[in-house]
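Welcome, and thanks for taking a look at this one with us. Please have the model open beside the text as you read.

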Amino acid sequence: MKKTFVLLFSFILLLQINLSPALAANNPRNIYEVKSGDYLWKIANTYGSSVADLKLINGLQSDLLLVGQKLRVPIMYQVVPGDTLWKLSQSFNSTVSLIATTNGLTSDAIYVGQKLKIPPKKLTMDGKFIRMNREEFKDWIFNQQFTRKVGKIQQHHTYQPSYQQFNGSNHFALMKDMEKYHVQVMKWSEISQQLTTFPDGTVVVGRSFNKPPEGSFGLLNKSAMHAIEADALAIENVGNFDAEQMTAAQRETIVTVAALLMLKYGLTPSVDSITYHHWWDINSGERVLDHGEGHAVKTCPGTGFFGGNSTTNAKNNFYPLVSQKMQEILSSMH
């Protein structure tokens, strides 16, 4: 069913003026594509929002915008036959309660021709840390533009914190504890990993994707470490998978996140594109794969990580799941 979109150029005009068809064509699902010369205040002012709200809606860790980046924005929408608040919330990444509150509605009843401001829902953030479920991360990763080429993702388990330290709601507290350890003990500039998965199936963005990880491999050979990390993204999976059994929710998130990253960066699952910490000498930075005898290697991401931490385990038990998930995601997007 064709929907009529109304966009605004100030908060007052937003309530009164329809957007021209040319601009409406650029905004089919309350998504604005960043152009040269754009900045957050300008976009926020155009759509009757604020910089703070746009950053929460889109999970932005800074004010940096890149051409081609997609931002979810509030829109004005004119109700057509068959619309319900629930349908509108699903179409525009919002919620029934958020639409009702924004428009001062006291019930779910809406009428044809009614103009509603529909704000996208906000992500859960604490400073630079962004917590998301799988669907939110899918939306986030495909809307982002990054300045750094990525050729491989690194799989780790935290060991500590383990499942024992996770209470179901302390995602940000654990992230800050990990960052404190990385800064104060390891002497790194900030938290090392870009992504952290949790037993409840959520994922938290930490270090900016535009910065390489820090200190994962080659701790005694900084030149090797920088070379290894230059095109890498690091993922820490909360848990001790030498001893703890991974939850089904976290398992699904690890597979989904890997699949989304493969699609985002145009990669195919292999020992080169999805690498385990166990395959590297942590001191020298040498990639030893399954020949770690005589080298300083960790069991990370764990002897129970998708059947084990060898290349054979990865090829038989992890990469096929990632490939299958990639196909599922592509099918859903068509």
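What follows is a short tour by topic, from one helix and its surroundings to cores and charged pairs.

Please keep in mind that this is a predicted model. Helix 10 is a good place to start, as the largest share of the largest nonpolar core, 9 residues, comes from this helix. Salt bridges also deserve a look, since a search of the whole structure finds 14 of them.

**Helix 10**

- Helix 10 runs over residues 248–265, so to speak 18 residues in a row, and it reaches 26 Å from its first C-alpha to its last, close to the 26 Å expected at 1.5 Å a residue.
- The buried residues of this helix are Q250, T253, I254, V255, T256, V257, A258, A259, L260, L261, M262 and Y265.
- Just after helix 10 comes G266, with a positive phi of about 65°.

**Two residues of helix 10: Q250 and R251**

- Q250 lies in helix 10 and has a relative accessible area of 0%, so it counts as buried.
- A polar atom of the Q250 side chain lies 3.0 Å from the backbone oxygen of V238.
- Beyond its neighbours within four places in sequence, Q250 is in contact with Y163, T197, F198, P199, G201, N237, V238 and F241.
- R251 is also placed in helix 10, but at 39% relative accessibility R251 counts as partly exposed.
- Setting aside neighbours within four places in sequence, the contacts of R251 are M246, F306 and L321.
- R251 and F198 are 53 residues apart along the chain, and their C-alpha atoms are separated by 9.5 Å.

**Nonpolar cores**

- The largest nonpolar core has 44 residues, and F137, W140, L195, F209, L261 and F318 touch the most other members.
- At least two residues of this core come from each of strand 7 (129–132), helix 7 (134–143), strand 10 (203–205), strand 11, helix 10, strand 12 (274–276) and helix 11 (311–333).
- What does L195 touch, leaving aside its neighbours within four places in sequence? L195 is in contact with F137, V203, V204, V205, F209, A234, I235, E236, V257 and L261.
- A second, separate core has 22 residues, including Y32, A44, V80 and I110.

**Helix 9 and its two faces**

- In helix 9 the buried residues are A224, M225, I228 and E229.
- These buried residues cover an arc of only 125° around the axis, so they sit on the same side of helix 9.
- The buried residues of helix 9 pack against strand 8 and strand 11.
- The exposed residues K222, S223, H226 and A227 are carried on the face of helix 9 turned away from its buried side.

**Salt bridges**

- K152 and D231 form a salt bridge, with their closest N and O atoms 2.5 Å apart.
- This pair links distant parts of the chain, 79 residues apart: K152 is in strand 8 (residues 152–157), while D231 is in the loop between helix 9 (222–229) and strand 11 (232–237).
- Are the two partners buried or partly exposed? K152 counts as buried because its relative accessibility is 11%, whereas D231, at 27%, counts as partly exposed.
- E214 and R207 meet through their side chains in a salt bridge of 3.2 Å, N to O.
- E214 counts as buried at 18% relative accessibility, and R207 counts as buried at 6%.
- K128, E179, E190 and K211 are joined into one network by salt bridges that share partners.
- D63 and K55 also meet in a side-chain salt bridge, at 3.0 Å from N to O.
- K55 has a relative accessibility of 22%, so it counts as partly exposed.

**R72 and its polar partners**

- R72 is found in strand 3 (residues 70–72), and its relative accessibility of 5% means that R72 counts as buried.
- Which side chains make polar contacts with the side chain of R72? One is N30, joined to R72 by a polar contact of 2.9 Å, and another is D139, also at 2.9 Å.

Note on methods
Residues are numbered from 1 along each chain as its sequence is written. This is a predicted model: local features need pLDDT of at least 70, side-chain atom pairs count only at pLDDT 80 or more; totals for chains, interfaces and linings use all residues. Side-chain values use heavy atoms; hydrogens and water are left out. Helices (H or I, at least four residues) and strands (E, at least two) are DSSP runs, numbered from the N terminus. The expected span of a helix is 1.5 Å times one less than its number of residues. Buried means under 20% relative accessible area, exposed over 50%, partly exposed in between (1.4 Å probe, protein chains only). A polar contact is a pair of N or O atoms within 3.5 Å; within protein, one must be able to donate a hydrogen and the other to accept it, and residues adjacent in sequence count only if both atoms are side-chain atoms. Contact means heavy atoms within 4.5 Å. A salt bridge is a side-chain nitrogen of Lys or Arg within 4 Å of a carboxyl oxygen of Asp or Glu. A nonpolar core is a set of buried Ala, Val, Leu, Ile, Met, Phe, Trp, Tyr and Cys residues joined through side-chain atoms within 4.5 Å. The arc is that of the directions from the helix axis to the C-beta atoms.
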